[in-house]
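Visitor: Could you pick one part of this model and take me through it up close? I'd like to hear about rings and charges, and who touches whom.

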Amino acid sequence: MKKAILGVIAALFITTTFSSCGYNTMVKLDEDVKTKWNQVETQYQRRSDLIPNLVSTVKGAAKFEQGTLTAVIEARAQASQVKVSADDLTPEKLEKFQAAQGQIGQALGKLMVLTENYPELKATQQFSDLSVQLEGTENRIAVARKDFNDAVQSYNVKVRSFPNNLTAGMFGFKQRAGFKADAGAQNTPKVEF
């Protein structure tokens, strides 16, 4: 009888201890990080899907700088090669992903600057629509990255806080890396025509 009572008391103690240890909250926050990462990838995929249409439109309307169009196509191809799993968001892999996506952004920026020299291209409805979609996608990417960083911050605070850090260590919850500004982002961009 004493063993049964002690067993019940021990079970209640363990249940109470683990219910307040933050394990379930860490699981919830970890899943939130993964969901937000999926949204980041979705927005980058949207941009990647728009690029062929943009390049085709520009190629058809303007006969200029084949090198710029090639750079956009190559940057897109390289970025699509870099895959990062939501379960394996290490700082190194996230940095590699971010660098590949940054190359697309730079190539698209050059393409948009060059189109300024072609008023007939800017006047076409298709180019105008694609430009608006691309701008909207860039805004969506920025929002998705911010949401991801917010989710990473909430998760990291939970994992590092006492006594949750003990539970995190026991069950393998590790800190996650978030997006950082691109190298040189603090410098004013140089625009040349």
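Guide: Let's start with rings: those of Phe, Tyr and Trp (its six-membered ring) count as a pair if their centres lie within 6.5 Å. On that basis, a search of the whole structure, which is a predicted model, turns up seven aromatic pairs. Ring pairs tie W37, Y44, F97, F148 and F179 into a cluster. Another ring, that of Y155, has the charged end of R176 sitting over it, 5.7 Å from the ring centre. Hang on to R176, as it leads to the part I'd zoom in on, K34.

First, a bit of setting. The protein chain has seven helices and zero strands, and 33% of its 193 residues count as buried. Among contacts with a separation of 6 or more, 81% are between residues 24 or more positions apart.

Now for K34. You'll find K34 in helix 2, which covers residues 23–61. Is K34 buried or exposed? Its relative accessibility is 17%, so K34 counts as buried, the cut-off being under 20%. Leaving aside residues up to four places away in sequence, K34 touches A86, D87 and R176.

Two salt bridges of K34 are worth a look. One is with D30, where the closest N and O atoms are 3.5 Å apart. D30 and K34 share helix 2 and sit four residues apart, about one turn of the helix. Both of these residues are buried. The other is with D87, and here the closest N and O atoms are 2.7 Å apart. D87 is in the loop between helix 3 (66–81) and helix 4 (91–115) while K34 is in helix 2, so this pair ties together parts that are 53 residues apart in sequence. The two ends don't match in burial: D87 counts as exposed at 57% relative accessibility, whereas K34 is buried.

For contrast, try K146 and D150, whose closest N and O atoms are 2.6 Å apart in their salt bridge. These two both lie in helix 6, again four residues apart, about one turn of the helix. K146 counts as partly exposed at 48% relative accessibility, and D150 counts as partly exposed too, at 32%.

Back to K34 and the bigger picture: salt bridges with shared partners join D30, E31, K34, D87 and R176 into one network. The whole structure has eight salt bridges in total. And there's R176 again: part of that network, with its charged end over the ring of Y155.

Notes:
Residues numbered from 1 in each chain as written. Predicted model: local features only at pLDDT ≥ 70, side-chain atom pairs only at ≥ 80, totals over all residues. Heavy atoms only, no water. Phe/Tyr/Trp six-rings, centres within 6.5 Å; stacked < 30°, edge-to-face > 60°. Lys NZ or Arg CZ within 6 Å of the ring centre and 35° of its normal. Buried < 20%, exposed > 50% of the residue type's maximum accessible area, 1.4 Å probe, protein only. Contact = heavy atoms within 4.5 Å. Salt bridge = Lys/Arg side-chain N within 4 Å of Asp/Glu carboxyl O.
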